[in-house]
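User: Please take a close look at the backbone outliers, and set them in their surroundings. A connected account would be preferable to a list.

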Amino acid sequence: MTTAIIQLYELADVNGRRYSVFSWRTRLALAHKGLAWESVPVKASDKTAIAFSGQKKVPIIRDGDRVVHDSWKIAEYLEDTYPNRPSLFGGETGRSLARFFNSYADRQLVGSLFPALMLENVGMLAADDAAHIRTGMEKPLGKTLEELAAGREQAQQAFSRALDPVRSVLRTQPYVSGAKPAYPDYILFSVFQWARITTALSIVAADDALLPWFDRLLDSFDSLGRNEPAKR
Ligand SMILES: N[C@@H](CCC(=O)N[C@@H](CS)C(=O)NCC(=O)O)C(=O)O
């Protein structure tokens, strides 16, 4: 095991804002483990900066001579490499349930929210990054981001409906993971944080039971989340 500071390679916009939904999962996972880490901003269109990882996406961590990419794999790496630090999963059953929650969040939450956010998200970026992200999304979808944004209201409603199981759980416990937050909370946090950074519009109703939960997490770890400026 190494004692070097872990480097987190993650997307940043022209003003240095860390807008990537997936890197917020890794940020809170590193904080939860109490590890020393530093952020290395990367442009979405600059693949030379992350060529060392052998692939083209972020987040990536470099921990001494270990390089790990994909937010889920990073969470597993941190859990397995630093078992004496606070647990992200709470054992093997918790790890499997967190894997399920990761898949639910990616498919149901990120999947339903991105038509509502992507146009504003690319609007934050320099021209080269905006063009890169736009092409990467529009090609497989066969739609422009403007066409996607036209369905913004339905997207936001689908997102809010998909959160019903979480609201129900938060009526009986303060965090998705129980009495204290753990990795599933950080997965969900990442989606709310992505929206907080990219849009001034509310993604849930003002009296939504999820907002106090989000507020508590924004204040966790010395306000790591809150210190990132909101769009509004
Ligand atoms: N499943 C991956 C997804 C990573 C991903 O899609 N990253 C995006 C940023 S949010 C990216 O690197 N985009 C740049 C590109 O596609 O060139 C994870 O959980 O880390």
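Analyst: F221 sits in helix α9, and the model that places the residue there is a predicted one. The phi of F221 is positive, about 50 degrees, although the residue is not a glycine. Most residues other than glycine have a negative phi, and most peptide bonds are trans. F221 has a relative accessible area of 30% and therefore counts as partly exposed.

Helix α9 covers residues 210-223, and R226 is found in the segment after that helix. R226 is partly exposed because its relative accessibility is 33%. Leaving aside neighbours within four places in sequence, R226 is in contact with R196, D215, L218 and D219. For D215 the C-alpha to C-alpha distance to R226 is 8.5 Å, at a separation of eleven residues in sequence.

W213 touches L170, P174, Y175, V176, D185, L188, F189 and F192, again without counting residues up to four places away in sequence. W213 also belongs to the largest nonpolar core, which has 71 residues. Together with L78, L163, L188 and F192, W213 is one of the residues with the most contacts inside that core. In soluble globular proteins, nonpolar side chains tend to be buried together. Helix α3 gives this core its largest share, twelve residues.

A second positive phi belongs to D70, at about 85 degrees, and D70 is not a glycine either. D70 lies in the loop between β4 and α2. With a relative accessibility of 36%, D70 is therefore classed as partly exposed.

Helix α2 is mostly covered, with nine of its eleven residues buried. Among these buried residues are S71, W72, I74 and L78. The elements they and the other buried residues of α2 pack against are β1, α1, β3, β4, α3 and α8.

The packing of α2 (residues 71-81) on α3 has an angle of about 160 degrees, and the two axes are 11 Å apart. Angles over 145 degrees count as roughly antiparallel, so α2 and α3 are roughly antiparallel to each other. Their crossing is right-handed. On the α2 side the contact involves W72, E76, E79 and D80, and on the α3 side R95, A98, R99 and N102. Five of these residues are charged, two are nonpolar and one is polar.

Helix α1 (residues 21-33) also packs on α3 (residues 92-123), at an angle of about 150 degrees and with axes 12 Å apart. The crossing of α1 and α3 is right-handed as well. V21, F22 and R25 of α1 meet N102, A105, D106 and V110 of α3. Here the classes are four nonpolar, one polar and two charged residues.

T26 is placed in α1 too. Its relative accessibility is 1%, so T26 counts as buried. Leaving out neighbours within four places in sequence, T26 is in contact with L8, P59, I61, S71 and I74.

P59, one of those contacts, takes part in a further backbone exception: V58 and P59 are joined by a cis peptide bond, with omega about 10 degrees. P59 lies in the loop between β2 and β3. T26 thus touches the proline of the cis bond, and also S71 and I74, which are among the buried residues of α2.

Note on methods
Residues are numbered from 1 along each chain as its sequence is written. This is a predicted model: local features need pLDDT of at least 70, side-chain atom pairs count only at pLDDT 80 or more; totals for chains, interfaces and linings use all residues. Side-chain values use heavy atoms; hydrogens and water are left out. Axes are lines fitted to C-alpha atoms, for helices over the stretch in contact, and angles run from 0 to 180 degrees between N-to-C directions. Helices (H or I, at least four residues) and strands (E, at least two) are DSSP runs, numbered from the N terminus. A crossing is left-handed if the near helix is turned anticlockwise from the far one by less than a right angle, and right-handed if clockwise. Contact means heavy atoms within 4.5 Å. Ala, Val, Leu, Ile, Met, Phe, Trp, Tyr, Cys and Pro count as nonpolar, Asp, Glu, Lys and Arg as charged, and the others, Gly among them, as polar. Angles under 35 degrees count as roughly parallel, over 145 as roughly antiparallel, 65 to 115 as roughly perpendicular and the rest as oblique. A nonpolar core is a set of buried Ala, Val, Leu, Ile, Met, Phe, Trp, Tyr and Cys residues joined through side-chain atoms within 4.5 Å. Buried means under 20% relative accessible area, exposed over 50%, partly exposed in between (1.4 Å probe, protein chains only).
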